[in-house]
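The following exercises concern cysteines, helices and an internal cavity. Each task is followed by a worked solution.

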Amino acid sequence: MQSREQSLVPLKMLLFSFHGANTMVISFLPLLLQYRELDGTQIGLVLAVGPAVSLISQPIWGYMSDKYQTVKRILLICLIGLIISSAVFFQMTILPLLIITAGIFYFFSAPIGALSDSFTQRRADAMKISFGSIRTWGSIGFAVSSLLVGQLLDLIGIQYLIVPYLVMASLALIVCFRIVDVKVEVDPIQLSDIKRLFQNRPFVIFLSLILFLTITHRTNDSYIGLFIEQLGGSETLIGVSWFVGVASEAAVFALAPFWYRKFHPLIFIIAAGLLFTIRWFLYAVIDVPMVIVILQLLHGLSFGIFYMTAFQYITQLIPKSVQSTGHLVFMSVFFGLSGIVGSLAGGTIMDVFGGNTLYLFMGILALIGTILMTAYHLLPFGKR
């Protein structure tokens, strides 16, 4: 038992440190761009670069991982590229240069979350333990970082965001050298396998339907900080809101062994969709930032349940030979396509109508997605 726990420590630390770094991009990058005097539409344009680039970078790195049957080496390459590119991107002030450097930064950073989660899924399956029991360390890193960095930025200023970011990203690189690669007893991936992946009808339909829910999640990721600030909140309060949300997410992941296998994964996804819908409609009528912080407790019950069950449902739908690629295609939809729509449309709506109206639109979209996901569950669609 001790050796098994020791073998998981570097992986848990990788998840902790990478997601600790990633919280700074998700939670505070919009505020940094606002400090650089960009308006909502321009901020949305820069934020949309990430998901747009991820549509290309995630399948590329996933294919490379499956072809050469290594996750660790791909993670090391991406982490090195992330550290170098972030040092440039975070310092840019001119919009065209921001967009170019953002593209380079996201090319390396976008696949890391998906690859580390794919790695975690394989390690959990090999050791016959819960995916959530390992993945919760990513949520803990996100929560701790959001709380501490929010307070730090109140003291030193948002313009120094690069400092804590490089500390956490460097830690992720260091611990990545210590993880043990997962051996996959299948033949290396071929291009014909990719074609077969997209001929998987339930897989493609599922990816299409979750867009209605994931767009709302990604929009919230991009704009909740600006929304709280619009309502009169500070960087510290924004950090606290992320801490509350991701702490609840960590609890959901940690308790997964007790609830996950009670029902079919799609039941949990539909329930999470209902919680997304309720959550956004509540945000649409609230104008007190502290209430938003309290309602962030629903983040774990909406995103936490949705992401974990969707990720494991995708794993059931695809063969092992294309697992990394399939996971990264899923992430390209979850964070890529959804992020493009959420960033571009969200920034414009927020500029023109304000944050409450933005969340009203999100609630309507989540309701449509929940209805469609219920139909997907009830109808066959080629599912086994």
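**Exercise 1. Determine whether C78 is buried or exposed, and establish the state of its sulfur.**

Step 1. C78 has a relative accessible area of 0% and is therefore buried; buried means under 20% relative accessible area, exposed over 50%, and partly exposed in between, with a 1.4 Å probe and protein chains only.

Step 2. The model is a predicted one, in which local features need pLDDT of at least 70 and side-chain atom pairs count only at pLDDT 80 or more, while totals for chains, interfaces and linings use all residues. Residues are numbered from 1 along each chain as its sequence is written, and side-chain values use heavy atoms, with hydrogens and water left out.

Step 3. A disulfide is a pair of cysteine sulfur atoms within 2.5 Å, and the structure holds zero of them. For C78, the nearest cysteine sulfur belongs to C176, 9.5 Å away.

Step 4. Seen from C176, the closest cysteine sulfur is that of C78, and 9.5 Å is too far for a bond. C176 is likewise counted as buried, at 0% relative accessibility.

**Exercise 2. Compare the end-to-end distance of helix α3 with its expected span, and list its buried residues.**

Step 1. Helices are DSSP runs of H or I with at least four residues, strands are runs of E with at least two, and both are numbered from the N terminus. The expected span of a helix is 1.5 Å times one less than its number of residues.

Step 2. Helix α3 covers residues 72-89, and its 18 residues should span 26 Å. The end C-alpha atoms lie 25 Å apart, in agreement with that value.

Step 3. The buried residues of α3 are K72, I74, L75, L76, C78, L79, G81, L82, I83, S85, S86 and F89.

**Exercise 3. Apply the span test to α5 and α8, then describe the bend in α8 and what follows each helix.**

Step 1. The 26 residues of α5 should span 38 Å, and the 37 Å between its end C-alpha atoms agrees. Just after α5, G157 takes a positive phi of about 105°.

Step 2. Helix α8 (residues 201-230) has 30 residues and reaches 43 Å from first to last C-alpha, close to the expected 44 Å.

Step 3. A kink of about 50° in α8 is centred on Y223; the bend at a residue is the angle between axes fitted to the seven residues ending there and the seven starting there.

Step 4. Of the 30 residues of α8, 23 are buried, so the helix is largely enclosed by the rest of the structure. G232, just after α8, has a positive phi of about 110°.

**Exercise 4. How many cavities of 30 Å³ or more does the structure hold, and what lines the largest cavity?**

Step 1. On a 1 Å grid over the protein atoms alone, a cavity is a set of points where a 1.4 Å probe fits but cannot get out, and lining residues have an atom within 4 Å of a point. Grid points are joined across faces, edges and corners, and a volume is the space filled by probe spheres set on the points.

Step 2. There are two cavities of 30 Å³ or more, and the largest cavity holds about 610 Å³ of space.

Step 3. Its lining comprises 36 residues, of which N22, I26, R218, D221 and F335 lie nearest the centre. Elements giving two or more residues to this lining include α1 (2-35), α4 (95-127), α8 and α14 (323-353).

Step 4. The lining divides into 18 nonpolar, 13 polar and five charged residues. Here Ala, Val, Leu, Ile, Met, Phe, Trp, Tyr, Cys and Pro count as nonpolar, Asp, Glu, Lys and Arg as charged, and the others, Gly among them, as polar.

Technical notes:
1 Å grid on protein atoms, 1.4 Å probe; cavity = no way out; pocket = protein on both sides within 12 Å on 5 of 7 lines; lining within 4 Å.
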